[in-house]
Amino acid sequence: MLLGVGGTDSLEGGCTTRVAVQMALRLREEMDLVLLDHPRLVRLNPTNPWKTRGNAALAMHLGTPGGAPRAIGEWDGEPIHSYPDGVDVPPSQEVLDAAWAVVEELTWIEDGRTNPGLVLSRGPPPPAWYDEAMHTILEVDTVERRLGDGGLLSRGEGSLRGLIGASAAIAWPTERTTWEPIAHRERDRWGTPRDVDAPSVKALDEHFPSTFDSYDHETGDLTMVPSSPCPVLFGIRGTDPGDLPRALGAIIGEKRAGWVEFVTNQGTDDHLVPKALSDVRPFESVVVRGEVTKAPRTIPGGHVLFEIADGRRHLAVAAYEPTKGFRHVVRELLPGDIIVACGSVREEPRTLNLEKFSLLALGTQTQVVKVGNPKCPDCGQSMKSVGTGAGYRCVRCGARAGEGDVIEETRSRDVAPGWYEVPTGARRHLARPLRLGLRPEMEAIGTDTSIC
Ligand SMILES: [Zn+2]
């Protein structure tokens, strides 16, 4: 039996992973149901305009105990186990009711922004349910009809949007995965500043190289520690589920209520779909190849905008201010460069929010750079600018010069072909850090001529 949970985030500090922990404890206590594997933390379409903070949903594979238990967490000093050799059991109304009671206790349904949904399924639904929730904006009606046609037990509240996440989470095929043990705070500390020792976080990269995105080396931020008032103390992302509990033990800080390790689609690039530039639609996240047709320019706010095209269609691309040093390399692009761009596409204005890119080929090996103002032909002094686009003037003898008279130099380009990515602090949940490797189809778009 798979139990899916969606829409339980709340701006008031509800936290989806807390709901999962509480459900697992309650179902064990009341119905002797246990987890048969790690609980799933699933991130869905990052462009969804209705999303809550992280657009997260959960799923749990439930059954009765059997075989040797495996510790995947700890709560109030007691271990939380999964039973890989446990016995699957069919869904029942009783399980749905017990799980719903936890939702009512832990979420803020009446605030109008929490729209929880639960779905119970015997076995996984078609992976398309996951794909559509990841790559399109699904309507609640579509999902409700599906659940009805499939005879699945479900319950929702408010807009019922939670049913979309719940049904997607149980349909996630878990082919590309990472893991995250999430530590929770003691209740009396909720909303207060978190006490987590920075040096112990910074040491993770060195001592536990299977972890990622814990710390931003550019800004010094502890990215694994949330800043919202939610009950989470921190979560450590990693690719080795066996390594992570030891990494968690190495973090120094305030007392924890407990922790549970989730299997997740974070850091998998599951949101990215390789496609031709002319097929790009809003609200999806894509990998596209194109030629830079308008040079990058920095607009107020520090955002860097440029444009790519495939001969038929143009697409605006943006590296926003929070991407910090990533913008330096983006500014080095020139018209004629061929790139593969990855990111989400917003509707209006139609812009790709750049997460990473590959510079495939430089359009030109050299660039002409202005290195100085014109020299006065009469006295040899460096002339002063009269105003943007208005030319130059010698302050000593009054001679004038045009914009084209500036001293220029031809230099080799200050950027090399290869992949570039945003820093840790600007990375969205689903985006895969380059050091974890690329999906093969993303490598292929650089050479596959059928794509554009
Ligand atoms: Zn002069």
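This briefing covers the fold, core, empty spaces, zinc site and backbone details of one protein chain. The model is predicted. The chain has 452 residues, and 50% of them count as buried. Its secondary structure comes to 10 helices and 26 strands. A zinc ion is held by four cysteine sulfur donors, Cys376 (SG), Cys379 (SG), Cys394 (SG) and Cys397 (SG). The largest pocket has a volume of about 920 Å³.

**Overall dimensions**

- The C-alpha trace spans about 95 × 50 × 40 Å along its principal axes.
- Valine 369 and arginine 155 are 214 residues apart along the chain, and their C-alpha atoms are separated by 63 Å.
- Valine 369 belongs to strand S21.
- Valine 369 counts as partly exposed because its relative accessibility is 22%, and buried would mean under 20%.

**Nonpolar core**

- The largest nonpolar core has 43 residues.
- Met224, Phe234, Ile236 and Ile251 have the most contacts inside this core.
- Several elements give two or more residues to the core. The helices are H3 (128–135), H4 (140–149), H5 (162–171) and H8 (244–249). The strands are S4 (56–64), S10, S12 and S14.
- H5 provides the largest share of this core, with seven residues.
- In soluble globular proteins, nonpolar side chains tend to be buried together.

**Largest pocket**

- The lining of the largest pocket consists of 38 residues.
- Nearest the centre of the pocket lie Arg43, Thr223, Pro226, Arg237 and His429.
- Helix H1 (16–31) and strands S3 (40–43), S10 (178–185) and S12 (232–235) each supply at least two lining residues.
- S12 gives the most to the lining of the pocket, with three residues.
- The lining of the pocket is mixed in class: 15 residues are nonpolar, 12 polar and 11 charged.
- S10 and S12 thus appear twice, in the pocket lining and among the elements of the largest nonpolar core.

**Enclosed cavity**

- Rolling a probe the size of a water molecule over the atoms shows where empty space is left.
- The count comes to one cavity of 30 Å³ or more. The largest cavity has a volume of about 30 Å³.
- The largest cavity is lined by Ala20, Val21, Ala24, Leu35, Pro39, Ile80, Val260 and Phe262.
- By class, the cavity lining holds eight nonpolar residues, with no polar and no charged ones.
- H1 and strand S14 (256–264) each supply at least two residues of the cavity lining.
- H1 gives the most here, with three residues.
- H1 also contributes at least two residues to the lining of the largest pocket.

**Zinc site**

- Cys376 (SG), Cys379 (SG), Cys394 (SG) and Cys397 (SG) coordinate the zinc ion at 2.1 to 2.3 Å.
- The site is tetrahedral, with angles of 101 to 128 degrees among its four donor atoms.
- Along the chain, the donors follow the spacing C-x2-C-x14-C-x2-C.
- Among these donors, cysteine 379 and cysteine 397 link distant parts of the chain, 18 residues apart.
- Cysteine 379 is in the loop between strand S21 (366–372) and strand S22 (384–385). Cysteine 397 is in the loop between strand S23 (392–393) and strand S24 (400–401).
- Cysteine 379 counts as partly exposed, at 31% relative accessibility.
- Cysteine 397 also counts as partly exposed, at 41% relative accessibility.

**Backbone details**

- Glutamate 348 and proline 349 are joined by a cis peptide bond, with omega about -10 degrees.
- Proline 349 sits in the loop between strand S19 (338–346) and strand S20 (351–361).
- Aspartate 32 is not a glycine, yet it has a positive phi of about 55 degrees.
- Aspartate 32 is in the loop between H1 and strand S2 (34–35). At 39% relative accessibility, aspartate 32 counts as partly exposed.
- Phenylalanine 283 is another non-glycine residue with a positive phi, about 70 degrees.
- Phenylalanine 283 is in the loop between strand S15 (272–274) and strand S16 (285–299). Its relative accessible area is 22%, so phenylalanine 283 is partly exposed.

Definitions and conventions:
Residues numbered from 1 in each chain as written. Predicted model: local features only at pLDDT ≥ 70, side-chain atom pairs only at ≥ 80, totals over all residues. Heavy atoms only, no water. 1 Å grid on protein atoms, 1.4 Å probe; cavity = no way out; pocket = protein on both sides within 12 Å on 5 of 7 lines; lining within 4 Å. Points joined across faces, edges and corners; volume = space filled by probe spheres on them. Helix = DSSP H or I, 4+ residues; strand = E, 2+ residues; numbered from the N terminus. Nonpolar A, V, L, I, M, F, W, Y, C, P; charged D, E, K, R; others polar. Donors = N, O, S within 2.8 Å, 3.2 Å for Na, K, Ca; no water. Tetrahedral: all angles 85-135°; square planar, octahedral: opposite > 155°, others 65-115°. Buried < 20%, exposed > 50% of the residue type's maximum accessible area, 1.4 Å probe, protein only. Core = buried A, V, L, I, M, F, W, Y, C linked by side-chain atoms within 4.5 Å.
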